[in-house]
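Trainee: Please choose one part of this model, look at it closely, and then connect what you find there to the rest of the fold.

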Amino acid sequence: MNKANVDLMSEARGLLKGNWGLPITVTVLCIAMVSGFSVIPIIGWLTTFIIQPQIGVGASIFYLNLSREKKIDIKQLFFTFKDMNRFGNIIGAYLLAILCTILGLICLIIPGIILHIAFSQIFFILAEDDNLDPVEALKKSYNLMNGNKWTYFCLLCRFIGWGILSILTFGIGFLWFYPYCWVSLAKFYDNISLNYRTLNLESTN
């Protein structure tokens with residue numbers, strides 16, 4: 001049974017209480033790396049498509065571990081840079097998801113938004129399984145999000161107010177906003193993954 005979004009967010013706050021130091025450090029590193037490359041003309045734009053998904057999967061590894069109350073380490077942010085096969089699969093999945101979303105937006109706005117949400121779990125999926133190729137990662141995300149798209153959209157909407165507050169603090173609030181959001185999304189991923197496995201197990205019996 002799916003947990004309510006409010007419960008996932010409450011669990012996230014509980015895990016972060018008194019434990020903000022490392023998540024904030026990871027947030028600073030993520031922002032610095034992505035924004036640092038993006039300011040370089042042309043090369044920076046291309047590099048963003050290579051570095052950004054690696055950081056996204058690395059952050060997913062970190063926050064999945066935090067969500068599951070396992071050991072967390074800043075080095076987890078850079079795990080994907082050590083495996084070139086995994087490195088390439090992440091870029092491929094990221095670009096393929098962007099391409100599908102753009103095609104959906106060109107056809108009609110709504111299909112593009114739906115596809116974007118359907119592929120929203122690829123970072124968490126690739127964080128867990130380094131053997132998946134890009135197409136397999138997108139298929140798994142699509143299947144996981146079947147019946148969960150609206151719940152995910154509502155979860156994101158719950159962070160709008162937090163985002164506005166972060167802007168009003170001249171961006172300082174994002175140091176707490178991003179960890180809170182990431183842990184909540186990691187909790188969401190674990191929740192729908194568990195339900196997906198349970199449904200598949202029941203269907204095979």
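Mentor: Leaving aside residues up to four places away in sequence, Val 183 touches Ala 12, Leu 15, Leu 16, Tyr 63, Leu 66 and Ser 67, where touching means having heavy atoms within 4.5 Å. The model is a predicted one, in which local features need pLDDT of at least 70 and side-chain atom pairs count only at pLDDT 80 or more, while totals for chains, interfaces and linings use all residues. Residues are numbered from 1 along each chain as its sequence is written, and side-chain values use heavy atoms, with hydrogens and water left out.

Val 183 belongs to the largest nonpolar core, a set of 48 residues in which Val 57, Tyr 63, Leu 126, Phe 159, Val 183 and Phe 188 have the most contacts. Such a core consists of buried Ala, Val, Leu, Ile, Met, Phe, Trp, Tyr and Cys residues joined through side-chain atoms within 4.5 Å; buried stands for under 20% relative accessible area, exposed for over 50% and partly exposed for the range in between, with a 1.4 Å probe and protein chains only. At least two residues of this core come from each of α1 (5-16), α2 (21-38), α3, α4, α6 (122-128), α7 (134-144), α8 (149-157) and α10. The most generous contributor is α10, which gives ten residues.

Trp 182 also sits in helix α10, and its relative accessible area of 22% makes Trp 182 partly exposed. Beyond four places in sequence, Trp 182 touches Gly 56, Ala 59, Ser 60, Tyr 63 and Phe 124, so that Tyr 63 is found both in this list and among the neighbours of Val 183. Although Trp 182 and Phe 62 are 120 residues apart along the chain, their C-alpha atoms are separated by 9.6 Å.

Helix α5 (residues 109-118) can be followed in a similar way: its buried residues are Gly 112, Ile 117 and Ala 118, and they pack against α4, α7 and α8.

Two loops deserve a careful look at the backbone. Most residues other than glycine have a negative phi. Glu 69, in the loop between α3 (43-67) and α4 (84-107), nevertheless has a positive phi, near 60°, and counts as exposed at 65% relative accessibility. Phe 170, in the loop between α9 (160-168) and α10 (174-204), likewise has a positive phi of about 60° without being a glycine, and counts as exposed at 79% relative accessibility.

Turning to the whole chain, the protein has ten helices and zero strands, these being DSSP runs (H or I, at least four residues, for helices; E, at least two, for strands) numbered from the N terminus. The radius of gyration, taken over C-alpha atoms, is 17 Å, close to the 17 Å that the globule rule (2.2 Å times the number of residues to the power 0.38) gives for 205 residues, so the protein is as compact as a globular protein of that length. Of those 205 residues, 42% count as buried. Among contacts between residues at least 6 apart in sequence, 71% join residues at least 24 apart.
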